[in-house]
Amino acid sequence: MTDQKRIIVIGGSAAGPKAAARALRMDPEAEIIMIQKDHDLSMASCGYPYYVGGFFDDRNQLICTPTGVVRDPQFFFNAKGITAKVDTEVTEINKKKKRISCINLLTGVTETLDYNKLIIATGARPKMPPIPGTDLKGITTLQSMQDADFLRKVRDEGLIKRAVVIGGGLIGIETCEALQLAGIDITVIELLPQILMFLDWELAKILESHVMSHAANVITENGVAAFLGENGVLTGVKLTNGTELPCELAVVAIGVTPNVKLAADADLAIGERGGISVNEYMQTSDPDIYAVGDCTEQNHLITGDRTHAPFGDLANLQGRVAGENAALGNSVTFNGTIHSGICKVFDYSAGSTGLSESNARKLGISDIEHVVIAGPDKPGFMGGQILISKMVADKKSGRLLGFQCIGLGDVSRQVTQAAMAIQGNMTVSDLINLDLPYAPPFSLAIDNFIANAHVLENKLKGRLKGITSIELKKKLDNNEEIFIIDTRGPDEFEEMRLGIGERLIPLGAIRNRLDELPADRNAEIICFCKISLRGYEVALLLESKGWKNVKVLEGGIMAWPYPREK
Ligand SMILES: Cc1cc2nc3c(=O)[nH]c(=O)nc-3n(C[C@H](O)[C@H](O)[C@H](O)COP(=O)(O)OP(=O)(O)OC[C@H]3O[C@@H](n4cnc5c(N)ncnc54)[C@H](O)[C@@H]3O)c2cc1C
């Protein structure tokens with residue numbers, strides 16, 4: 001090796017190219033070599049479902065720059081001065097000699113290369129269920145460009161009529177939409193009681209109904225026990241409850257595990273979540289080796305625990321940090337994640353950041369307050385669309401712990417605001433007077449996010465007694481004595497109603513109809529409307545008239561996750 005500093009990057013998809021490019025920008029004299037097992041470089045994996053679903057047809061759009069130049073080895077060399085070796089697998093890291101061995105998968109030619117600094121960006125591997133039949137033809141994942149090519153071919157050929165997606169996570173649901181758009185009869189099978197585990201159950205159930213309204217079937221609390229086949233070809237799946245579903249295609253999307261084999265073989269420390277252990281500089285247990293992206297594990301910034309967060313944005317941010325540190329010595333840090341994520345669910349979006357209520361409780365954080373609200377993202381006259389969101393905060397300090405949002409409206413902005421507030425350690429009281437930009441084409445005078453904080457503050461201060469849809473359903477199932485008031489107008493009631501024994505008493509009529517309410521001032525009364533704003537007004541009025549146990553159904557009809565009468 002010459003005196004020139006050599007930085008080798010293993011992996012050329014998301015984290016790898018970002019690390020390579022940053023390293024060269026920081027030290028233009030360095031020699032940067034990026035080694036990639038796949039044929040393609042810088043693949044936009046997050047775009048695979050949209051290519052499969054036909055949102056765009058040119059495969060090159062997954063691997064090209066915004067100006068349409070394909071990011072191949074020639075591009076990396078000419079535009080960036082980076083040597084990229086594709087179809088080449090690194091087979092060994094020799095820490096002592098600071099040397100890697102690799103093999104060209106097309107020619108079989110092997111090579112060793114010495115490094116000054118090494119950056120590992122080997123990504124993650126899709127999990128496969130340990131059940132019979134996984135080798136049948138017709139079973140795939142959607143993890144690689146080859147998988148995307150295969151599923152796009154399925155779309156283009158139009159031969160497959162029935163498919164299952166195993167796993168109702170982010171990739172599973174995006175794949176479900178892609179296959180449904182390809183005209184395939186699709187069923188999502190999820191072992192857990194809900195899809196999209198980053199959401200709390202009540203929001204996930206609303207999305208489940210939304211998926212089903214788009215002619216896709218969802219089965220929860222049921223796993224796949226076996227793949228069924230004839231002559232080596234998939235013909236169906238057998239579920240754990242014995243049901244058999246005929247299908248010609250199965251896409252497995254039950255999560256990923258960090259791809260750490262190279263690192264583990266080289267005796268680099270592997271963490272408790274199975275990812276390569278790194279410090280805030282993205283440095284492994286060997287000071288000359290960094291690791292980034294899906295193959296690593298990070299700090300959870302709220303819980304302080306280690307976590308595996310396989311997200312494209314984090315892979316890029318970490319790549320940038322490791323690239324700079326490998327080039328200049330440790331100077332910049334990546335401190336951790338709060339698990340922010342978003343996905344498209346047909347015409348709804350679903351996003352989350354920080355802790356959901358259920359995750360907080362699972363982690364033993366129980367002194368929390370939370371609220372669900374529903375409302376438009378901008379004024380109705382500008383085409384406002386519904387958002388249903390849930391905010392979770394620490395009860396004592398008021399610190400924002402988590403936020404989830406689903407709906408037809410601009411979910412992304414809501415979750416982005418929340419992510420920044422959580423990382424800035426803001427409390428609910430910090431949020432109530434946030435100066436956010438407002439004009440009718442974009443937002444409301446009181447933005448949905450701030451409205452959320454207002455309602456949560458009311459709850460924290462005891463000014464609003466909320467009842468969740470889950471709590472109300474339990475009371476109904478137990479036949480508890482409750483008086484439920486729908487506070488909307490008769491036309492609205494005719495158009496859509498819960499049908500849970502509610503009495504229609506519109507907000508404008510309540511003062512003259514108090515005699516219809518229980519005489520007992522301790523009786524439990526629950527008020528709601530479409531989004532529970534009128535429900536809240538009625539609750540306040542009833543309290544002022546002496547009723548002591550009045551609650552508001554959080555989020556109203558829009559956030560009701562159970563079947564409605566109408
Ligand atoms: C369908 C899909 C949709 C997604 N959607 C989103 C989304 O909307 N938002 C989001 O934030 N994230 C999303 N993700 C996740 C995101 O794509 C990943 O977090 C990101 O790609 C991780 O980047 P990475 O560089 O760490 O790993 P990868 O992208 O997996 O790249 C690792 C690369 O390393 C190479 N490699 C492995 N071993 C070797 C070796 N021994 N030698 C040489 N090369 C090797 C592989 O060939 C691979 O190309 C999605 C992922 C998928 C699959």
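**Cavities and nonpolar cores**

The residues lining the second largest cavity divide into six nonpolar, no polar and four charged. The model described here is predicted. The lining of this second largest cavity consists of R463, L464, K465, Y536, A539, L540, E543, V550, K551 and V552. Two elements, α15 (533-544) and β31 (549-553), each contribute at least two of these lining residues. Helix α15 provides the largest share, four residues. The space enclosed in the second largest cavity amounts to about 40 Å³.

Attention now turns to the cavities as a group. Rolling a probe the size of a water molecule over the atoms reveals where empty space remains. In this model, two cavities of 30 Å³ or more are counted. The largest cavity has a volume of about 40 Å³, and its lining is formed by E202, V372, T468, S469, E554 and A559. By class, that lining holds two nonpolar, two polar and two charged residues.

The nonpolar cores complete the picture. The largest of them contains 61 residues, and those with the most contacts inside it are L179, L196, L207, V345, I388 and L472. Helix α6 (residues 201-213) gives the most to this core, with five residues. Which residues does L472 touch, leaving aside those up to four places away in sequence? Its partners are I467, I482, I484, I500, I526, L553 and W560. Apart from this assembly there is a second, separate core of 52 residues, which includes I35, L41, Y290 and F334.

Definitions and conventions: Residues are numbered from 1 along each chain as its sequence is written. This is a predicted model: local features need pLDDT of at least 70, side-chain atom pairs count only at pLDDT 80 or more; totals for chains, interfaces and linings use all residues. Side-chain values use heavy atoms; hydrogens and water are left out. On a 1 Å grid over the protein atoms alone, a cavity is a set of points where a 1.4 Å probe fits but cannot get out, and a pocket is an open set with protein on both sides within 12 Å along at least five of seven lines; lining residues have an atom within 4 Å of a point. Grid points are joined across faces, edges and corners, and a volume is the space filled by probe spheres set on the points. Ala, Val, Leu, Ile, Met, Phe, Trp, Tyr, Cys and Pro count as nonpolar, Asp, Glu, Lys and Arg as charged, and the others, Gly among them, as polar. A nonpolar core is a set of buried Ala, Val, Leu, Ile, Met, Phe, Trp, Tyr and Cys residues joined through side-chain atoms within 4.5 Å. Buried means under 20% relative accessible area, exposed over 50%, partly exposed in between (1.4 Å probe, protein chains only). Contact means heavy atoms within 4.5 Å.
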